[in-house]
Each structure stands twice: as C-alpha cells, then as structure tokens.
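Colleague: Could you take me through this model and tell me what stands behind each term you use?
Modeller: Gladly; please have a look at it first.

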Amino acid sequence: MNKDLILKYLGYRKSMPDAMTEKLIDECILEVKSISKFKYIYQEFKEPLPFMLENEGYMKYLSGATSYLLVATTLGIDVDRRLSLYEKTDMTKSVIFDCTASAYIEEMADNYEKNNLPYKNLSYRFCPGYSNTSFLDNMKIAKYLNVTKYLGISFLSSGLMVPLKSMIGIVGIGNTKRRSCEGCLRMGKCEYRRDGTVCYKE
Ligand code: SF4
C-alpha cells in the first residue's frame, strides 16, 4: 500500500515520521488489510438525478459525461470495532489506524474503478461534500443503491455513515476529469494548500 496518503492524513507534509511512527503505520497497514471486508457496488445512470440538477457542483462535474455511475463502498464493521478499541486503549495507534483505514478505502476504491469497472474514460470519484455540494446527499445516493441491503451501511442522524470507513459518490463516464480544489469551502483557510499540497491523491 502506498503510504503517501496516510502521511498526508497524519499531517506529515513537510517532514517525515520517526522510526516508531513508521513502525506503527506498517502495523496498521497489515491490520487494516487483514480485517477489512472491502465491498463496492455501482449502478449506471444516464440523466442527472433531481438533487444534482439543483447544485452547480454536480452539473459542472458531469459536464461532458455521456453517463455516470452512482457508487458505494465500505471496509466493513470490523474496522470500526478495532478503531473503537484503540480509542480506549492506545490513542496514538487509534489516530494512525484511522488515517490508514481512510487511505486504504480510497486506494481500494481507486483500484476497483481502474481495474474492475467495465467502462473506459472514467473521471475521479466525486463525493457529496465536494465543490459546495452537501455531505447529506450521501443519503440520497444511498437510497438509489440500497446500500443498507447490499453493503450494510446505515446513517446516524448527523449524516455520518456506519461503518465509518464507507464512501458514496459519483463517477463520470466519458469526461475524464481530475480532482481539483475548485469550489472547496476550505479554500483560503486550507492547511494542506498552505503547506504546498492538497488533501487528495494528485
Ligand atoms: S486541499 Fe484544501 S482546498 Fe483543496 S480540496 Fe482539499 S481541503 Fe479543499
């Protein structure tokens, strides 16, 4: 597994971790890989859904696309259980485990989209919350995909997903867009950009 995204999430932008932290990251990678039950589902749509028509962020992302996929993925509930255990017993490890699991689901979903989806010319995965869209739109996409039935994902009243390491999004077909910071609410106060980097894989 590529460690760059884990290090970004841990806040290493200009420095490198010490040997002890490196060792903990390696341990967490092995652990996350061994307990994750990665699943990914998708469904193709031709026309924008009503909630997409109401937000420029979705429409800009879909411009030029011939169709798009609604997608959902999860690492499963065992990752949450292990994280909860570390939060009670080892705070340092819990932070590293959390960042490792977040990076792992991104990497697994990227690989799945690159190697397993039967489509060419895919854009990056656009998740609700990007480009001034609402994080709560996850729930709307979830209904179309029936993520509770197929992935065991449910929602807290805050909109957070359970399992925590789950992602829902849209993948444009035929317009190969690359992720950017355009429309991000953190522009102007973003600690990643201040340090000359970005929060996503470039
Ligand atoms: S790097 Fe900063 S401004 Fe760009 S998308 Fe990430 S949080 Fe937003």
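Colleague: What makes you call S7 mostly covered?
Modeller: Eight of the eight residues of S7 are buried. Buried here is a count: a residue is buried if 20 or more other C-beta atoms, placed from the backbone, lie within 10 Å of its own, exposed if 12 or fewer, and partly exposed in between. Before we go on, please keep in mind that this is a predicted model, in which local features need pLDDT of at least 70, side-chain atom pairs count only at pLDDT 80 or more, and totals for chains, interfaces and linings use all residues. Residues are numbered from 1 along each chain as its sequence is written.

Colleague: How do you know that both faces of S7 are covered?
Modeller: In a regular strand the side chains alternate between the two faces of the sheet. On one side of S7 we find Ser 166, Ile 168, Ile 170 and Gly 172, on the other Met 167, Gly 169, Val 171 and Ile 173, and all of these are buried. S2 is mostly covered as well, with seven of its eight residues buried.

Colleague: And what makes S7 and S2 a pair of strands?
Modeller: Strands are DSSP runs of E with at least two residues, helices are runs of H or I with at least four, and both are numbered from the N terminus. Two strands pair if DSSP finds at least two bridges between them. S2 and S7 have eight bridges and run antiparallel, so they meet that definition. Leu 70 has Ile 170 of S7 as its bridge partner, and Leu 69 stands opposite Val 171.

Colleague: Which other strands belong to this sheet, and in what order?
Modeller: The sheet is open and has four strands in the order S1-S2-S7-S3, with antiparallel pairing. S1 (39-45) and S3 (122-126) each have a single partner strand, so one side of each is left without a neighbour in the sheet and they stand at the edges. From one strand to the next the twist averages 20 degrees.

Colleague: How do you know that the edge strands are paired?
Modeller: S1 and S2 are joined by seven bridges and run antiparallel; here Glu 44 has Leu 69 of S2 as its bridge partner. S3 and S7 (residues 166-173) pair over three bridges, again in the antiparallel sense. Between S3 and S7, Phe 126 stands opposite Ile 170, and Arg 125 has Val 171 as its bridge partner.

Colleague: Now the helices. Why is H2 called oblique to H5?
Modeller: The axes of H2 (residues 19-35) and H5 (residues 77-89) cross at roughly 140 degrees and come within 8 Å. Axes are lines fitted to C-alpha atoms, for helices over the stretch in contact, and angles run from 0 to 180 degrees between N-to-C directions. Angles under 35 degrees count as roughly parallel, over 145 as roughly antiparallel, 65 to 115 as roughly perpendicular and the rest as oblique. That makes H2 oblique to H5.

Colleague: Which residues make the contact between H2 and H5?
Modeller: Glu 31, Val 32 and Ile 35 come from H2, and Asp 78, Val 79 and Arg 82 from H5. Two residues are in contact if their C-beta atoms, placed from the backbone, lie within 7 Å. The residues of this contact divide into three nonpolar, no polar and three charged. Ala, Val, Leu, Ile, Met, Phe, Trp, Tyr, Cys and Pro count as nonpolar, Asp, Glu, Lys and Arg as charged, and the others, Gly among them, as polar.

Colleague: Is Ser 63 buried or exposed, and how do you know?
Modeller: Ser 63 has 10 C-beta neighbours inside 10 Å and so counts as exposed. Ser 63 is in the loop between H4 (56-62) and S2.

Colleague: What about Ser 131 and Thr 176: how do their neighbour counts place them?
Modeller: Ser 131 has 20 other C-beta atoms within 10 Å, so this residue is buried. Thr 176 has 13 such neighbours and therefore counts as partly exposed. Neither is a glycine, yet phi is positive in both: about 45 degrees for Ser 131 and near 30 degrees for Thr 176.

Colleague: Last one: what makes you call the bond before Pro 163 cis?
Modeller: The peptide bond from Val 162 to Pro 163 has omega near 0 degrees. Pro 163 sits in the loop between S6 (161-162) and S7.
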